[in-house]
Amino acid sequence: MLRLSLHADSCYDCAAAQRDRQQAPALFDSRPDPSSPQPNAPKQGDDLPYWLVAILASLGALQTGYLTYTKLTEGGVVCPLGGGCSTVLSSDYATVFGIPLTLVGCLAYSSVAGLGIAGQRSGGGSTLQRITLAGGVALAATSANLLYILATKFGGEPCTWCLSSAILSFAIFGAALQSFDLRQLRQLALPGAGIAASVTIGLSIAWSGASSPAAADFSFDLAYQPVMVRESSPANAPALAKRLREAGAKMYGAFWCTHCHDQKEEFGKEAMADFPYVECYPNGVHNGTGVAQACIDAGVKAFPTWIINGQLVEGQQSFAALEAALK
């Protein structure tokens, strides 16, 4: 009888435990599902409104596409709010190196629209966020130069298409800019200034022989600003910089060149004591002045340019490529 009673009690306990499991499954299934998002997981996307960038850039592509079509077919341009659209768009300032500026703009807007669509679909990310900002900087810098030309070369004559394109460009730039915090903006200030300077210098060269109805002279002035290297040097960078200097190697660059700055950051601040750098614009960029004579003598045509053992190599180089060039 005692054994039967114990057995019955045991069965009662088993049934009670089973009932508890059914009524409170959370107590027994508290382990997180690895496939579900975790509350402390790092954020993969960013706050850039890619949908807005895609819409604005698509409008810019449609606008510049229409202007390109009228330019290539020599058709008349409809100026919705009046003004000198035809005068401006038929001037020497409407082309860069023989290519219609509107075609360049259409390609640029289309590329940025593609970035916006890609970001909207994928959620963005640090790399796509920075590339989109770079596109916004380039568009805004181009529009700023065009507004300057309107004010100085055409006496402020209104051009609906020019002004609307500028609004779209600055809106894209603003949408991308607001997604970065203050610390990130400080880090990106110099590369952004380099992109803007590159655009401005390129346009000034392309328009150097242009004529316009106005008498004002086009000028460009960019004061020299030393570049501060902030990253710490990797272990092998100082020794490599010293070997390059001892071998007579040189890297020719410009203070506004983003790739030159990236190459320096790759070596790091500790390696700068021996880094063989030659600045091609030591006094800044001014109207009527060119690159330093040392850069002309070296045959520099792009930044950065390395000359190692008499061999000229253009572009940013990896440590492995520099090591190989030293042998």
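Over residues 163-181 the chain is 79% helix and 0% strand, and its end C-alpha atoms lie 29 Å apart. That stretch is a good way into this structure, which is a predicted model. An unreviewed UniProt entry annotates residues 163-181 as a "transmembrane region", along with 48-67, 97-119, 131-151 and 188-210. Here are two of those stretches side by side.

| Annotated stretch | Helix | Strand | Distance between end C-alpha atoms |
|---|---|---|---|
| Residues 97-119 | 83% | 9% | 33 Å |
| Residues 163-181 | 79% | 0% | 29 Å |

**A serine in helix α6**

Ser-143 belongs to helix α6, which runs over residues 126-153. Is Ser-143 buried or exposed? Its relative accessibility is 4%, so Ser-143 counts as buried. Leaving aside residues up to four places away in sequence, Ser-143 touches Ser-165, Ala-166, Ser-169 and Phe-170.

**The largest pocket**

If you like to look for open space, the largest pocket has a volume of about 760 Å³. It is lined by 28 residues, and those closest to its centre are Gln-187, Leu-188, Ala-189, Leu-190 and Pro-191. Helices α6, α7 (160-177), α8 and α10 each supply at least two lining residues. Which of these gives the largest share of the lining? That is α8, with nine residues.

**Two nonpolar cores**

Next, the packing of the side chains. The largest nonpolar core holds 32 residues, and Leu-244, Tyr-252, Trp-256, Phe-267, Trp-306 and Ile-308 have the most contacts inside it. Two or more residues of this core come from each of α8 (182-206), α9 (237-246), β4 (250-253), α10 (258-267), β7 (305-308) and α12 (319-326). A second core, separate from this one, has 19 residues, including Val-53, Ala-113, Leu-168 and Phe-180.

Back in the largest core, Leu-244 is a handy residue to click on. Not counting residues up to four places away in sequence, Leu-244 touches Ala-249, Phe-267, Pro-276, Trp-306, Ile-308, Leu-322 and Leu-326.

**The cysteines**

How many disulfides does the structure hold? There is one. It joins Cys-280 to Cys-295, with the sulfur atoms 1.9 Å apart. The link is left-handed, with -100° about the S-S bond. Cys-280 sits in the loop between β5 (277-279) and β6 (285-286), while Cys-295 sits in helix α11 (residues 293-297), so the disulfide ties together parts that are 15 residues apart in sequence. Both Cys-280 and Cys-295 are buried.

Two other cysteines can be placed by their accessibility. Cys-106 has a relative accessibility of 16% and therefore counts as buried. For Cys-260 the relative accessible area is 2%, so Cys-260 is buried.

**A cavity lined in part by Cys-260**

Cys-260 also leads to the enclosed space in the model. The count comes to one cavity of 30 Å³ or more, and the space in the largest cavity is about 30 Å³. Its lining consists of Val-227, Ala-254, Phe-255, Cys-257, Cys-260, His-261, Lys-264 and Tyr-277. Which element gives the largest share of this cavity's lining? Helix α10 does, with three residues.

Helix α10 thus ties several parts of this tour together: α10 gives two or more residues to the largest core, supplies at least two residues to the lining of the largest pocket, and provides the largest share of the lining of the largest cavity.

Terms used:
Residues numbered from 1 in each chain as written. Predicted model: local features only at pLDDT ≥ 70, side-chain atom pairs only at ≥ 80, totals over all residues. Heavy atoms only, no water. Core = buried A, V, L, I, M, F, W, Y, C linked by side-chain atoms within 4.5 Å. Buried < 20%, exposed > 50% of the residue type's maximum accessible area, 1.4 Å probe, protein only. Helix = DSSP H or I, 4+ residues; strand = E, 2+ residues; numbered from the N terminus. Contact = heavy atoms within 4.5 Å. UniProt positions renumbered as here; feature names shortened; annotations may be inferred. Disulfide = S-S within 2.5 Å. 1 Å grid on protein atoms, 1.4 Å probe; cavity = no way out; pocket = protein on both sides within 12 Å on 5 of 7 lines; lining within 4 Å. Points joined across faces, edges and corners; volume = space filled by probe spheres on them.
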